[in-house]
Amino acid sequence: MLEINQLSSHCNFWAMTWIQLILCSFQITQASCFYLFIQLSGLRGLILIHGYPTFKGHVLNGQQLWDLMEGLEANDLLYYTHLLTGYIGSVSFLNTVLEVVSKLRSINPELTYVCDPVMGDEGKLYVPQELVVVYRERVVPVASMLTPNQFEAELLTGFRIQSEGDGREACNFLHAAGPSKVVITSINIDGNLLLIGSYQKEKGHPPKQFKIVIPKIPAYFTGTGDLTTALLLGWSNKYPDNLEKAAELAVSSLQALLQRTLNDYKRAGHDPQSTSLEIRLIQSQEDIRNPQVKFKAEMYS
């Protein structure tokens, strides 16, 4: 669980905020207790994220999560504008997250729920099979924004994504099920890596859709999916009706950060392909605050 401490509740400009990682989706990890700077436009958020496969401590169950919610409620601390969830490993916990969404929306009906439906990648499932059904039937309908990868989008829609057209159709399918914003964060088409985004301003209207070509970096990084979704949340909050601009900023931030991470490891004499690389968040504050937009969205007609 990440606690967002606002520098000012009355800011009308982009404020620099601390995000202090207290719990990583209620699992304490040796590598995940760090501070992260991120720009958020005066939003107050409760962020639930799951992370590394190896951890120390205790995994909170759904009842314990709800106990925390009751504690927040007892202190009149349940007004949130945004909720972000990532990896969740059990059906009971995911069901409780759905109760959290309902509870928060009973207090603020305008709550934006951003869901990164972390289930697997490259054909490999990370979670129990029954979680896929819960995501598809219960989570997707209540999400405001979804950020699946290619494999996860296939799991949610039930069909293969083998072309850009398939990716766009997957977005349409997910729009019909619930969220107005869908970003498939990575699609591998004929050896090219793409992000495909789609924003449906009103139900029944055709969405605005775009793609961003992403360069492949010959290394594996820890935490890129979590960071991508966090950046999309932050920038789309600043530009709520311009998802393509939010995605350009998010991708440009991420790529600059990954390149810095890669260069840092190389300077240290480390083979970047020998193990997963921990991304250089603190060293990349300026790329997060003020990214140079080097990756532009191409609109689909």
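**Note on the predicted model: one histidine, two helices, two loops**

1. Start with His175. Leaving aside residues up to four places away in sequence, His175 touches Ser180, Lys181, Val182, Ser198, Tyr199, Gln200, Lys203 and Pro207. Keep in mind that this is a predicted model.

2. Where does His175 sit? The residue is in helix H5. Its relative accessibility is 1%. Buried means under 20%, so His175 counts as buried. There is a polar partner too: a polar atom of the His175 side chain lies 3.5 Å from the backbone oxygen of Ser180.

3. Now look at helix H4, residues 150-157. Is this helix covered or open? H4 is mostly covered, with 8 of its 8 residues buried. They are Gln150, Phe151, Glu152, Ala153, Glu154, Leu155, Leu156 and Thr157. Note that Glu152 and Glu154 are among the buried residues.

4. What covers H4? Its buried residues pack against several elements. Two are helices: H3 (129-139) and H5 (164-177). The others are strands: E7 (120-121), E8 (124-125), E9 (145-146) and E10 (181-189). Helix H5 is also the place of His175.

5. Check both ends of H4. At the N-terminal end, Asn149 acts as a cap. One of its side-chain oxygens lies 3.2 Å from the backbone nitrogen of Phe151. After the helix comes Gly158, with a positive phi near 85 degrees.

6. Helix H7 offers a simple length test. It runs over residues 243-267, which makes 25 residues. At 1.5 Å a residue, H7 should span 36 Å. Its end C-alpha atoms are 36 Å apart, so the two values agree. H7 is followed by Gly269, whose phi is positive, near 80 degrees.

7. Which residues have a positive phi without being glycine? Glu122 is one, at about 50 degrees. It lies in the loop between E7 and E8. Asp190 is another, also at about 50 degrees. Its place is the loop between E10 and strand E11 (192-199).

8. Are these two loop residues buried or exposed? The cut-off for exposed is over 50% relative accessible area. Glu122 has 77%, so it is exposed. Asp190 has 75%, so it is exposed as well.

9. Last, the whole chain. It has 8 helices and 15 strands. Of its 301 residues, 49% count as buried. Among contacts with a separation of 6 or more, 67% join residues 24 or more positions apart. The chain exposes about 14,100 Å², and carbon and sulfur atoms supply 50% of that area.

Terms used: Residues are numbered from 1 along each chain as its sequence is written. This is a predicted model: local features need pLDDT of at least 70, side-chain atom pairs count only at pLDDT 80 or more; totals for chains, interfaces and linings use all residues. Side-chain values use heavy atoms; hydrogens and water are left out. Buried means under 20% relative accessible area, exposed over 50%, partly exposed in between (1.4 Å probe, protein chains only). Helices (H or I, at least four residues) and strands (E, at least two) are DSSP runs, numbered from the N terminus. Contact means heavy atoms within 4.5 Å. A polar contact is a pair of N or O atoms within 3.5 Å; within protein, one must be able to donate a hydrogen and the other to accept it, and residues adjacent in sequence count only if both atoms are side-chain atoms. The expected span of a helix is 1.5 Å times one less than its number of residues. Accessible areas come from the Shrake-Rupley method with a 1.4 Å probe; for residues, only the protein chains shown count as cover.
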